[in-house]
Amino acid sequence: IPSIVWFRQDLRLSDQAAFAAAAAEGPVLAVYVLDDEIPGEWRIGGAQRWWLHHTLAALAESLADLGVPLVLRRGRAPDEIARIAEETGARRVHCLAHQEPWWREAEDALARSVDLVRHPGRLLAEQGIVRTGSGGPFRIFTPFWRALQLHMPPPPPEPAPTNVQGMVHPPRSDRLEEWHLLPTAPNWAEGFGHWTPGEAGARARLEAFADEVGDYDHARNLPSTDGTSSLSPHLHFGEVSPAAVWHALDGKAGAESYLREIGWRDFAANLIVQQPDYGTAHGRAKMDALAWRTGPEADAEFRAWTRGQTGYPIVDAGMRQLWHIGWMHNRVRMIAASFLVKHLLIDWRRGQHWFWDCLVDADYGNNAVNWQWIAGTGVDSSPFGRIMAPLVQSPKFDAGAYIRRWVPELAGLDDSSIHDPHGAGVAPAGYPEPLIAHRPARERALAAAAAARG
Ligand code: FAD
């Protein structure tokens with residue numbers, strides 16, 4: 001009798017408790033269901049479909065080496081898994097517990113029809129164990145992080161089981177190609193060659209970064225350098241466990257500030273468990289009264305933002321990097337997101353959806369928590385009136401080389417003029433005028449915030 005492993009955002013074989021538990025029981029059947037229904041507006045976006053194709057191909061190959069079939073199905077995941085369990089007479093279904101609201105509901109629904117075992121492994125600290133002194137969940141990062149560290153280190157990562165038996169006569173499977181996850185013409189994913197989806201790619205990235213982590217604290221804010229780990233899509237898809245990252249880096253000089261960032265990932269998961277609609281509803285209800293700009297002019301400006309045509313080089317560089325490689329540097333995500341919300345006074349949820357479709361690391365918790373933090377609408381964000389100045393941020397974080405790389409029409413400008421080519425009077429023909437100057441944008445945003453406060 002087979003045991004089923006239900007794979008989702010945990011696409012690895014090592015340190016994968018669900019896979020290990022199934023392997024210990026007898027023949028294993030691995031299943032992935034492409035579910036575009038129950039996540040609703042949070043169904044997997046365009047850039048992640050590209051990633052998903054490649055990571056599933058890699059997973060299927062690793063499983064095949066062990067003789068384990070990977071069955072691919074499309075539809076409502078809990079229904080499909082229950083159907084496969086019935087068809088095969090499976091003993092049990094194993095999965096890693098997820099924190100996205102639709103996945104938690106799907107797990108609950110499935111648990112009503114099959115014997116479902118939910119294992120930890122998506123987070124550093126098992127969901128729910130990081131608690132305040134009075135036993136409640138945290139809503140502020142710093143005390144959360146302090147409490148989380150009391151549970152660290154996480155258990156050491158387990159190697160993939162080697163003595164695995166695969167199910168001999170697996171049920172019907174879709175072919176991956178039938179899902180058409182890769183773009184056809186135009187092939188917007190040409191620049192994605194930068195990435196190697198899959199467990200081996202994740203491991204290689206982690207090993208390379210382990211040699212560089214000493215510079216992280218200094219380099220992480222400089223978009224012109226490769227100072228961050230680029231592990232975010234690998235972590236989102238679960239190609240490497242956060243515990244494996246912790247153990248690879250813990251104790252190395254300079255690793256503390258990096259591990260704290262991984263802690264943010266746990267914090268975001270902890271917040272969406274408390275407030276499952278955090279992707280749409282404000283953490284601070286009084287911000288509901290903010291009058292976002294709408295209408296044709298706002299729409300045109302939103303489009304200019306998505307295309308990297310705002311006239312602010314640092315914002316444009318970030319938005320074009322996002323389009324070309326499906327990822328944007330964290331410092332620039334903050335600047336570009338703040339520009340949309342405060343300078344253009346456009347609803348953060350529009351920007352969040354754009355990111356959702358374009359990011360290879362799009363993650364419900366991380367995306368919502370960071371957007372709400374920048375927008376001043378989150379449970380722990382600074383007030384809306386704190387407005388980032390892109391023209392100050394850009395030289396401060398030495399973004400010249402970054403802009404030259406992603407905004408080629410500005411490649412001929414030096415560091416004295418590239419951050420503000422219009423202000424310096426050297427903007428080449430074709431590079432747009434700023435959509436709005438900083439001062440009037442700031443005044444408009446402050447007035448909107450004051451009106452919202454009543
Ligand atoms: P590193 O600096 O190497 O960090 C290591 C890991 O820590 C990351 O891979 C990530 O898993 C985690 N991490 C780092 N910073 C944060 C953070 N601020 N919040 C939560 N986790 C963090 N990250 C996502 O993974 N998915 C998203 O959809 C996402 N949307 C964002 C939207 C906005 C507006 C902003 C400002 C940030 C967003 N981030 C998101 C957080 C952060 O920008 C990325 O995690 C980071 O840039 C990924 O690159 P890295 O792996 O090189 O990061």
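Helices and strands are taken here as DSSP runs, numbered from the N terminus. The model is predicted. Over residues 1–124, the chain is 42% helix and 21% strand. The C-alpha atoms at the two ends of this stretch lie 33 Å apart. An unreviewed UniProt entry annotates residues 1–124 as "domain: Photolyase/cryptochrome alpha/beta".

The surroundings of the ligand were examined next. The shell around the ligand holds 27 residues. Thr228, Ser229, Ser232, Asn367 and Asn370 come nearest. Four elements give two or more residues each to this shell: helix 8 (232–236), helix 10 (255–274), helix 13 (330–343) and helix 15 (364–375). Two domains are represented by at least three residues each. They are domain 2 (123–156 + 199–274) and domain 3 (285–453). By class, twelve residues of the shell are nonpolar, nine are polar and six are charged.

Helix 10, one of the elements around the ligand, also packs against helix 9 (residues 242–249). Two packed helices are described by the angle between their axes and the distance between the axes. For helix 9 and helix 10, the angle is about 170° and the axes are 10 Å apart. Angles over 145 degrees count as roughly antiparallel. Helix 9 and helix 10 are therefore roughly antiparallel to each other. Helix 9 contributes Pro242, Val245, Trp246 and Leu249 to the contact. Helix 10 contributes Ala255, Tyr258, Leu259, Ile262 and Arg265. By class, the contact of helix 9 with helix 10 has eight nonpolar residues, one charged residue and no polar residues.

Notes. Residues numbered from 1 in each chain as written. Predicted model: local features only at pLDDT ≥ 70, side-chain atom pairs only at ≥ 80, totals over all residues. UniProt positions renumbered as here; feature names shortened; annotations may be inferred. Near = placed C-beta within 6 Å. Nonpolar A, V, L, I, M, F, W, Y, C, P; charged D, E, K, R; others polar. Domains from an automatic or database assignment. Axes fitted to C-alpha atoms, helices over the stretch in contact; angles between N-to-C directions. Parallel < 35°, antiparallel > 145°, perpendicular 65-115°, else oblique. Contact = placed C-beta atoms within 7 Å.
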